[in-house]
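Good morning, everyone, and thank you for making time for this. I would like to walk you slowly through how the chains of one model meet, and I will explain each term when it comes up.

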Amino acid sequence: MHTQAPTPCSALDGILQHHGHRPTELLQILINAQQLEGWLPAPTLTYLARALHLPRARVEGVAGFYSFLYTRPAGRFRVLFSDNITDRMLGNAELMDALCRKLWIEPGKLSEDGLVSIDATSCTGLCDQGPAMLVNGRAIGQLNHRRINEIAELIRQQRPLAQWPSEYFHIDDNIRRRDALLNLDMKPGAALASAIARGRAGWLAEMQASNLRGRGGAGFATAVKWSSARNAPGEPKVIVCNADEGEPGTFKDRVLLNTYADLVFEGMTLAAWAVGASEGFLYLRGEYSHLLPQLEAVLARRRAEGLLGMRILHEPGFDFDIRIHLGAGAYVCGEESALIESLEGKRGTPRIRPPFPVTCGYLGRPTVVNNVETLAKTCLIALQGGEAFAATGTAQSAGTKLLSISGDCAAPGIYEYPFGVSIARVLEDCGASDTQAVQVGGASGICLAGYEFQRRIAYEDVPTAGAFMIFDGTRDLFEVARSFVHFFTHESCGFCTPCRVGTALLKGFMDKLADGHGAQADLADIDWLDRLLKNASHCGLGSAAPNPVIDTLQKFRPAYERRLVSLDFEPAFDLDAALAEARQLTARDDPGAHLHTHEEGTS
Amino acid sequence: MSKQFLLDGQPVPFEDGQSILEAARKAGHYIPSLCWHKDFPAHGSCKLCIVKAAGRHVSACATPAKEGWEVESNTPEMNGERRALLQMLFVEGNHFCPSCEKSGSCELQALGYEYEMLTSRFRHFYPDRPVDASHPDVLLDFNRCIFCELCVRASRDVDGKSVFALTGRGINKHLVVNAESGRLADTDFSKDDLAAHICPVGVILHKGPGFAVPIGERTYDAASIRSQKLKEEES
Amino acid sequence: MSPARPPEGARTAAREGGGSPVSAPARKLRVATTSLAGCFGCHMSFLDIDEHLFELVELIEFDRSPLTDIKEVGPCDIGLIEGGVCNAENVHVLRAFRRNCKTLIALGACAVNGGLPAQRNHLPLSECLREVYQFRPGIANGQIPNDPELPLPLDKVRPIHEVVRIDYFLPGCPPSGPAIWKFLTDLIAGRTPRLTGGLLHYD
Ligand SMILES: Cc1cc2nc3c(=O)[nH]c(=O)nc-3n(C[C@H](O)[C@H](O)[C@H](O)COP(=O)(O)O)c2cc1C
Ligand code: SF4
Ligand code: SF4
Ligand code: SF4
Ligand code: FES
Ligand code: FES
């Protein structure tokens, strides 16, 4: 087993140095420190705490929060299978099983020689090219048995990742339909030049006229957010681009960052111009760390072109620069106040609001948090004017929307539509047939049944951050909902009682039904938990967690009912399984050594 | 004229910035709490203080009162939700009151009585959580932690020691102490710290003769948590 | 509480409906009691209702109970269960009670949440059994017994509501005589039982 090597102090010193010994960089420091040994041994945490003058308990608190940080030994090869419902539909369980068997290990455990550990992780944003996995943080898509065999061999030979076939790491954009944004071919700086020419107030007025609303989910008017931050006291102001994209089934921000990074960074700079901000962060989910080198390169180029840094485009007083912070496997960090906590190097726990980030955000300063797509869209507005932008889409939903389409269809990928497009039209375009249901907006979104396919994508009808997962007639909507409940339970930050305990209880009930021990009474309990989560949760994660269950119970109730074994009551646990240990200890297997969990003849 | 809102139909005056809970208690109306403490900023985690303000569920401890609001608190609906939250706190830990030193003076238990919680209703998690008896004066029984972070806040903000912190997440969240060994004895914790006296439940317990206070004289034996908390407000 | 499910204890009401005149039940209510993984403390407390016991026997008669010789529970109005569920035998008895009792009540902390016996739940069963049978001083050559007559223990001690549906809960370790008396008189008189005025205790 592992013998504890002495803490590599000089390497840690280098990392600390690189991050200026800033406690706000704690998460970044931990991510880098983990690369040394593949995990974070206790002495490493102690050393870092001392160097940063932080209580050790706080460092341990942060290290224990993020699922990509390990405070117990993990394999030199850490394999994480993406476990979105779309991965499940593409057979990820079987592939994970196969890899485990080939490498002689159990999921969630470390191999005895410390070589490899295999586990599942939440949606990695490769739903259009799954099943997917992360190996030491690097994404690999389009898994199949052949690839799994090869990977098993590479791991057995302990071949460093750099020597793995490069096509493994190739990720497609899969852009299938372009509209205003994806057709935009902008010379870097063009949007900025036009906004600067309008002056800060003029540019904000243009934004106002555009009616642009946030693409991250809540649909808040972007100009209102910007002007609140602009008018709030406190300096220097901060622009954050939310690239945490953790909502299962969403991957459009990945494509924007991969191919349209200039639009995103230019949008951030446009926001800075309007707000008077000088500091910018891109919060990039850990799953997308493969994009980091190319994004850093774009930033460097933009600095060289005078599009970032001091006196942007020679405009006196327009100073703004952008740093990239990585996440480390925590969906809740997409929530803007949790994201800010994470940026400050803390556990990603959502704050009490008010105060809102626009007045009191990063380090207490006015902070704008916007989605990747929202920011990219501002380039269109700067170039074409607010009115032109507002003229497209619907009354309350100006412009276009990127959809991340996955699941049962011929052509999964990215589709850009003007707002107002019907579900049926989208289904037709992507080649879906025999569609039973569509989950729009990801796990937190809404599950639409066939009779709703005439509804439209728009804030006033079916709002969405962009996920569009398709389930055909062969799929079991109970299993879809159950996988989302697993997701929320895994991602609950644990801060508030209803979500911390409620998601775990809900998962227990869904698993109970799945295991064939469900009763009508459980459906009543599920209803009750759904309501409590919705009402009492501290943030949007907890209040959205019951959505998939509420929707499917309403629209696909038979999927639940056919699993029930009693119309009344069934034990909360598997009685016969609870005797298994005693059977083993006594070597008994007579009828008296068993219990029927379902009591025959009761209902 | 000061501003006011309506709590279950009764006018409650408030000053700008005051939370619904503070204003209500000042005016002699009880809204329950577990993670809230008058000497600290609101935490907003336990959700026992949940009320409906202008039709929307909010945490009374963390929501500034607003002129003219109609707030529902002592209603079957809100009390039912509170009871369910208590049940959640009971099943996620290991609460065996008969063998708990805090019994009779425990806020969680007293709220169970207040809201007539007769069963914890849900499936018990029976988590495996340790007891830390390393410190000469104080025992930590993590089985009963409700994550109010009062010890975390008191130690960090008042004692200046940061002895406690939370790690893990979701249902696996747990309390740790500020030592590589994980033992309280290896921290600079002292029985005189505020953090040693602030736990509302039976986690942070002082060693010494067990069950020293006789039944009948414990904090909530004679008077309900409702009347005790309102009395505190007057003093 | 939730509209979907009435508060624990409220699922009372329209028993014995069907055309009976509007007056108190004339016949004695039949009551069965048992102790599963309990300490008989709750039964002792039951007897502790002292002088009320005479009043009570006017109103009820006992079926299976440690107080009678009846071995198998028969059709009853009320069943009182003390203690949690720790082995297969407990499950059978509990199910027999559920089948036969119109109203089933969890009596005492152990029935309600597992109580003292459940404090072993964080230990693996093997450790508990070895502790008892193999390493206990005075037991030479100890073996974990494998006699098919003996009920097998469950991996954890559970509260009874995790095994069958329970209508009412009466916590306390043990619940006091007055609490039991209040609860039963409420129930017999057709009121939803409530433990108020300091009668509700978990210890
Ligand atoms: C649990 C949770 C996760 C979220 N994840 C994201 C995310 O990954 N990306 C995002 O842009 N917004 C996310 N949001 C919404 C953000 O809180 C915030 O509203 C958004 O970033 C604002 O940007 P916008 O106004 O441009 O939409 C999330 C919200 C919640 C409650
Ligand atoms: S709702 Fe869930 S994710 Fe949000 S604060 Fe509460 S526990 Fe954390
Ligand atoms: S902490 Fe309170 S509720 Fe928990 S066991 Fe102790 S007295 Fe009971
Ligand atoms: S130990 Fe006590 S004070 Fe600290 S978080 Fe837990 S319950 Fe709160
Ligand atoms: S008292 Fe308000 S959330 Fe705990
Ligand atoms: S058996 Fe009555 S309290 Fe345990």
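Let me begin with the salt bridges between chain A and chain B, of which there are three, a salt bridge being a side-chain nitrogen of Lys or Arg within 4 Å of a carboxyl oxygen of Asp or Glu. One of them joins A:Glu491 to B:Arg169, with the closest N and O atoms 3.0 Å apart.

Before going further, please keep in mind that this is a predicted model, in which local features need pLDDT of at least 70 and side-chain atom pairs count only at pLDDT 80 or more, while totals for chains, interfaces and linings use all residues. Residues are numbered from 1 along each chain as its sequence is written, chains are lettered from A and ligands numbered from 1 in the order in which they are written, and side-chain values use heavy atoms, with hydrogens and water left out.

Across this same boundary, 42 residues of chain A are in contact with 41 residues of chain B, where contact means heavy atoms within 4.5 Å. The area buried between chain A and chain B is about 3300 Å², and carbon and sulfur atoms give 60% of it; buried area is the accessible area, taken with a 1.4 Å probe, that two parts lose on being put together, summed over both.

There are also 20 residue pairs in polar contact between chain A and chain B, both residues being at pLDDT 80 or more. A polar contact is a pair of N or O atoms within 3.5 Å; within protein, one must be able to donate a hydrogen and the other to accept it, and residues adjacent in sequence count only if both atoms are side-chain atoms.

Now, how does chain A meet chain C? Here 26 residues of chain A are in contact with 31 residues of chain C, and the area buried between them is about 2400 Å², of which carbon and sulfur atoms give 64%. On the chain A side, A:Phe573, A:Leu585 and A:Arg588 lose the most area to chain C, together 23% of what that side buries.

How many salt bridges are found across the interface of chain A and chain C? The rule finds three, and one of them pairs C:Arg95 with A:Glu599, whose closest N and O atoms are 3.8 Å apart. Finally, 11 residue pairs are in polar contact across the interface of chain A and chain C, again with both at pLDDT 80 or more.
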